[in-house]
Amino acid sequence: MRIPARRAVLAVVSAVAATLLVSGGAAASLAAPARTGSPAGTAASGGTGAPADYVFVHDPSMAREGGTYYLFSTGDPAGTIGNGNIQIRTSPDLRHWTYTGTVFADKPAWITAALGSIPNLWAPDISYFGGLWHLYYAGSSFGSNNSVIGLATTPTLDPHSPRYHWTDDGLVFRSSTADDYNAIDPSLVNGPSGTRWLVFGSYWSGIKLFQLDASTGKPASASPTLYSLAQRPAPDALEGAGITYHAGYYYLFVSFDTCCAGIGSTYRIMVGRSASVTGPYVDPAGTSMMNSGGMEIQGSDEGMIGPGSSSIFTEGSRSDLVYHYYDAFDNGDPWVQVRPLIWAPGGWPVTGQPLTPVPGSPIPLR
């Protein structure tokens, strides 16, 4: 996940120029997705709220607890929403999302000590094990691999529960300018025999994987073995990795090319698979993802530009691909899309009908 400085300017223009919506009152249409939020001045966990018509949803990761879906996304680099902290939204139906606050009120002090002042926290990944919800996330700055991966936990995602409380569990892993990898875009992977792994990486030498302690969610050793899973020629434009298991294979989803340029973004979502969580991952033609391999599973679709930074939501036999895109009908602002994953003959996934209307599409949802 890379955010350019120009986004701050767009945020100010959007916030000033747009017409305020009544909280929770935005309705789905074919011209734009349903977007609801807290009006300006409304108190929210870790943030002061934001105009209902201003959105910044990037690098989404989704979970469900009870009858509510929870969406976690990168902090707003302009600081308009939640002062750059990891954002939380809720939905009853995967189409209408309401901003409910942030994970932290302030960025953890250990991140500032390690990296200096940074505008936002990046690329959260939410999962449940050991009686706690685990949220992995990254801290870095645009174009740098001086980066950290952190962890926060809570017993419940329901902010109305007396048990709701995010604990800062500190550093999980980091990279520096002396390394040939970038410790951002973390995503938990459930491996064989109850093992847990963390996949990460952006540019530099591509996508990496290391094993976690299955109970603590921290690295299994002080110097974990790093497995290389995917790489492209310099500048190695791939990131936003996630892995899911289906019918004997681990499927590695990654984002190729350039994000964070609004409707000039060229992001697209690619996939390869392996019989082993540590690889090698190949595409249907047998090309290794360490040699630029990958099958495109989702590209730009009418007004939905540059889809990427995907995560996989799995519940029983259902799997959804959750990702952001840049809305050509709304100043290129990033928003979330959810599409079911359909497993075709031969085991390769394809995407189904979008749950949020594609901007500009004349085709109604089924």
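Me: How do I read the contacts in this chain: what share of those between residues at least 6 apart in sequence join residues at least 24 apart?

Reply: The idea is to ask how far along the sequence the two partners of a contact lie. In this predicted model, 52% of the contacts between residues at least 6 apart join residues at least 24 apart. Pro334 and Phe56 show a wide separation in sequence: they are 278 residues apart along the chain, while their C-alpha atoms are 5.6 Å apart in space.

Me: Where does Pro334 lie, and is Pro334 buried or exposed?

Reply: Here you look at the element first, then at the accessibility. Pro334 belongs to strand β20, which covers residues 334-343. Its relative accessibility is 1%, and the cut-off for buried is under 20%, so Pro334 counts as buried. For the chain as a whole, 56% of the 366 residues count as buried.

Me: How many helices and strands does the chain have?

Reply: Counting the elements gives a quick overview. This chain has two helices and 21 strands.

Me: With that many strands, how do I read a sheet? In what order do the strands of the open sheet with β10 stand?

Reply: Follow the pairing from one strand to its neighbour. Four strands make up this open sheet, in the order β10-β11-β12-β13, with antiparallel pairing. The edges are β10 (187-190) and β13 (227-230); each has a single partner strand, so one side of each has no neighbour in the sheet. From one strand to the next, the twist averages 35°.

Me: What joins β10 to β11?

Reply: For a pair of strands, look at the bridges and the direction. Four bridges connect β10 with β11 (residues 196-200), and the two strands run antiparallel. Within this pair, Leu188 stands opposite Leu198 of β11.

Me: Now the pockets. How much space lies in the largest pocket, and which residues are closest to its centre?

Reply: Start with the volume, then go to the lining. The largest pocket holds about 650 Å³ of space. It is lined by 27 residues, and the closest to its centre are Ile126, Ser127, Asn190, Ile312 and Thr314.

Me: Which elements give two or more residues to that lining?

Reply: They are β2 (61-65), β6 (121-129), β10, β14 (238-246) and β18 (304-315). You have met β10 already, as an edge strand of the open sheet. The most comes from β18, which gives six residues to the lining.

Me: And what classes of residue make up the lining of the largest pocket?

Reply: Sorting by class gives 14 nonpolar, nine polar and four charged residues.

Technical notes: Residues numbered from 1 in each chain as written. Predicted model: local features only at pLDDT ≥ 70, side-chain atom pairs only at ≥ 80, totals over all residues. Heavy atoms only, no water. Pairing = 2+ DSSP bridges. Axes fitted to C-alpha atoms, helices over the stretch in contact; angles between N-to-C directions. 1 Å grid on protein atoms, 1.4 Å probe; cavity = no way out; pocket = protein on both sides within 12 Å on 5 of 7 lines; lining within 4 Å. Points joined across faces, edges and corners; volume = space filled by probe spheres on them. Nonpolar A, V, L, I, M, F, W, Y, C, P; charged D, E, K, R; others polar. Buried < 20%, exposed > 50% of the residue type's maximum accessible area, 1.4 Å probe, protein only. Contact = heavy atoms within 4.5 Å.
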